[in-house]
Amino acid sequence: MQENRHILVVEDELDLAELLRYNLNISGHNTEVVHTGQGALSAVAQKQPDLIILDVMLPEIDGIEVATRLKADPNTAGIPIIFLTAKSADEDQIRGLDAGADDYVTKPFSVKVLLARVDATLRRTAKDSGSSNILELGAVMLDTDRHEAKVDGSSIRLTLTEFRLLATLMAGPNRVLSRRGLISNAIGPGITVTERTIDVHIAAIRKKLGEHGSMIQTVRGVGYRIVEPEA
Ligand code: CA
């Protein structure tokens, strides 16, 4: 059911934020409003929302960065995100979707349209709830709570870094991640490792996945992505 869903609104325009809060609340949702990217990350850490409405243009940590960080963490990767973007530039929207947005709405928008998108997104993602600690793609399964990896039902041993890298890739199948993005997501922001280090870890993961190693594809000049194997 749609009622009593916890929705986080991240919007630095105060009037718009309040307008959204009002309309979401009268639609039966519980709405929390924050005005910064840092506020969004803190709010998610305190109470996981069922959906985030995320303005792209925020001071300091922008919406793309917030989404990238949330999608990189297996605990928050499953939270659906609808971006609000002021720009109609296609490039911006594509960047947003790459960062893991489930949908986006271009400003100015009608509140009615946004509410319809919210309900559609909640319906689409409802069936996934309750299994957010399990990432599964083809023959590969990761249990992020137990730090367990299985291929074709058999456990494989991954180092912590390999596990995090694979989880980061599996949190967004078909999404291309740059080496730099993988470093900051899987190893930690501000940690200095060369991009070559990522290549070495990826090679090790591919080897451990055996015949399924080809699910991890190199995207020349960009980075890596994981794809669902063809049946
Ligand atoms: Ca803004």
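**Exercise 1: D12 and the calcium ion**

State which exposure class D12 falls into, then trace the protein donors of the calcium ion.

*Solution.*
- Step 1. D12 is partly exposed, because its relative accessible area is 31%. Buried means under 20% relative accessible area, exposed means over 50%, and partly exposed lies in between (1.4 Å probe, protein chains only).
- Step 2. Note the basis. This is a predicted model: local features need pLDDT of at least 70, side-chain atom pairs count only at pLDDT 80 or more, and totals for chains, interfaces and linings use all residues. Residues are numbered from 1 along each chain as its sequence is written, and side-chain values use heavy atoms, with hydrogens and water left out.
- Step 3. List the donors. D12 (OD), D55 (OD) and M57 (O) lie 2.1 to 2.3 Å from the calcium ion. Donors are N, O and S atoms within 2.8 Å of the metal (3.2 Å for Na, K and Ca); water is not among the atoms, so sites may look incomplete.
- Step 4. Read their spacing in sequence: D-x42-D-x1-M.
- Step 5. Place the pair D12 and M57. D12 sits in the loop between strand 1 and helix 1, M57 in the loop between strand 3 (51-55) and helix 3 (63-72), and 45 residues separate them. Helices (H or I, at least four residues) and strands (E, at least two) are DSSP runs, numbered from the N terminus.
- Step 6. Classify M57. With a relative accessible area of 44%, M57 is partly exposed.

**Exercise 2: E11**

Where is E11 found, and is E11 buried or exposed?

*Solution.*
- Step 1. E11 lies in the loop between strand 1 (6-10) and helix 1 (14-26).
- Step 2. E11 counts as buried, because its relative accessibility is 0%.
- Step 3. Look for a polar partner. The side chains of E11 and K107 share a polar contact of 3.0 Å. Such a contact is a pair of N or O atoms within 3.5 Å; within protein, one must be able to donate a hydrogen and the other to accept it, and residues adjacent in sequence count only if both atoms are side-chain atoms.
- Step 4. Setting aside residues up to four places away in sequence, E11 touches several others, including V34, H35, D55 and L84. Contact means heavy atoms within 4.5 Å.

**Exercise 3: I53**

Give the place of I53 and its contacts.

*Solution.*
- Step 1. I53 belongs to strand 3.
- Step 2. I53 is buried, because its relative accessible area is 0%.
- Step 3. I53 and I81 are 28 residues apart in sequence, yet 5.9 Å apart in space, C-alpha to C-alpha.
- Step 4. Leaving aside neighbours within four places in sequence, I53 is in contact with residues including I7, V9, L20, L24, I82 and L114.

**Exercise 4: The cores**

Which element gives the most to the largest nonpolar core?

*Solution.*
- Step 1. Define the term. A nonpolar core is a set of buried Ala, Val, Leu, Ile, Met, Phe, Trp, Tyr and Cys residues joined through side-chain atoms within 4.5 Å.
- Step 2. The largest nonpolar core holds 26 residues; L142, L166, L169, M170, I198, I216 and I226 touch the most other members.
- Step 3. Elements that each supply at least two residues of this core include strand 7 (140-143), helix 6 (160-170) and helix 8 (195-209).
- Step 4. Helix 6 gives the most to this core, with six residues.
- Step 5. A second, separate core of 21 residues includes L54, L58, F83 and A99.

**Exercise 5: The sheet 10-12-11**

Which strands stand at the edges of this sheet?

*Solution.*
- Step 1. The sheet is open, has three strands in the order 10-12-11, and pairs antiparallel. Two strands pair if DSSP finds at least two bridges between them.
- Step 2. Strand 10 (177-178) and strand 11 stand at the edges; each has a single partner strand, so one side of each is left without a neighbour in the sheet.
- Step 3. Count bridges. Strand 10 joins strand 12 through two, and strand 11 (residues 216-219) joins strand 12 through four.
- Step 4. Find G223 in strand 12. G223 stands opposite V219 and is the bridge partner of S178.
- Step 5. The hairpin of strand 11 and strand 12 has three residues between the strands, and G221 there takes a positive phi near 80°.

**Exercise 6: Helix 7**

How many residues of helix 7 are buried?

*Solution.*
- Step 1. Seven of its nine residues are buried, and helix 7 is mostly covered.
- Step 2. Among them are R179, L182, N185 and I187.
- Step 3. The buried residues of helix 7 pack against elements including helix 3, helix 6 and strand 10.
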